[in-house]
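Visitor: I should like to understand how two chains meet in a model. Please show it and take my questions in turn.

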Amino acid sequence: MGYKSKFNETHNTLVGEINISGSLTAGAWEEGYLGNGEFIEICPADFCLSSLLVSPNAQGGTGRTHIELIWTNDNGGTVRIPALGTRYAQKIIPKGFTATSGIVNATADASACRFTSSTVDSDDTDTHTPGTAPNTLVAFSPTVVGDGITYVTVSYAPVSATTSLLAGAQIFIEKT
Amino acid sequence: MTKTKFHNNFSDVYGEMTITGSIILSGDWQPGYLGNNEFISLCPSEFNLNGQSATPSEQTAEIELISTPDNGATATMPSVGVGGSGEDALSAIKIIPKGFKATSAVVHGSGSACRWEAHSSNLDIGTAVAQTGIDGSAPDVEDTASFDSEVVGDGSNYIVLKWRPRNPTSLLFGAQIFITPV
């Protein structure tokens, strides 16, 4: 009778498919988002979706009249929204995880931040937080369960085109 | 002596480990893309690569970007139909996870006569290969299409999904690239 082990050849090699009833952790890598089981990190450059349809000539300058983009003057440490208007970042919630809260890290001013959700196959939107100030951790109500197609949208509406600096955001997750 | 690395308890395995087959977890999270071994989901905001190189007014009136009318549930391409050079299309790019292959995809949205295309490429090369019908043969939005060839994830192979709206009110909901373990 053979020994009940899949370490058939060496201590380091398991032969064949492995079923694990619990979680998988490998060094610092965990199940979750890019090896992170605690939160989804959102870089400032992820805020690439604009609410503006057409904006006034608010970005005048030498050689240009309109740029509806985000821009950085500190090598990406922060971004500014020259045309104002709300900017959005979106993140799929990993399967097996639930998004429970979030925070937008930005200049402490009257800019408004909000978290909503939708799915990639519909135009429905659910709101999970009221409008909050930057740097405020806000709990999601209801929480957002990761089913593979559901994503959270983070919105940031700056009050200033020049002094409102967006540094990034976080969506906190827990195992479902 | 027993060949095992469970030195202290039944839960912790010490040192490097190679598994010749797949890892299957009992929970919802699985190896693949963000815990999903069936498909890669793309949010509307990921379609941020513009097919237009210039419009006549050079953005003095039109926005060349994607916009959302509903807090991110959908995206639109406001500059569709304004002319200029390039193509009325927005594209998203996704690396195929290693150990998986991409076999098909679908782009979700609404609006009359909107189409989508899939192409594959690699970080090391400057050309793309069509994986679905293109131009007039491209699949309609909401139709799933199989790729002409399976795109195996080697760490640098990626899929380009191109959404082709017909007018500025066409809506993009998102997309899925279906994957399966190699």
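The exchange below concerns the contact between chain B and chain A.

Guide: This is a predicted model, in which local features need pLDDT of at least 70, side-chain atom pairs count only at pLDDT 80 or more, and totals for chains, interfaces and linings use all residues. Residues are numbered from 1 along each chain as its sequence is written, chains are lettered from A and ligands numbered from 1 in the order in which they are written, and side-chain values use heavy atoms, with hydrogens and water left out.

Visitor: What area is buried between chain B and chain A?

Guide: Buried area is the accessible area (1.4 Å probe) that two parts lose on being put together, summed over both. Carbon and sulfur atoms give 61% of it here. The area is about 4,400 Å².

Visitor: How many residues does the contact take from each chain?

Guide: Contact means heavy atoms within 4.5 Å. On that basis, the contact takes 56 residues from chain A and 49 residues from chain B.

Visitor: Which residue of chain B forms a salt bridge with Lys95(A)?

Guide: A salt bridge is a side-chain nitrogen of Lys or Arg within 4 Å of a carboxyl oxygen of Asp or Glu. The count between the two chains is one. With the closest N and O atoms 3.5 Å apart, the partner of Lys95(A) is Glu38(B).

Visitor: Which residue in E2(B) does Asn19(A) stand opposite?

Guide: Strands are DSSP runs (E, at least two residues), numbered from the N terminus, and two strands pair if DSSP finds at least two bridges between them. Strand E2 (residues 18-20) of chain A pairs with E2(B) in the parallel sense over three bridges. The residue opposite Asn19(A) is Ile24(B).

Terms used:
Helix = DSSP H or I, 4+ residues; strand = E, 2+ residues; numbered from the N terminus.
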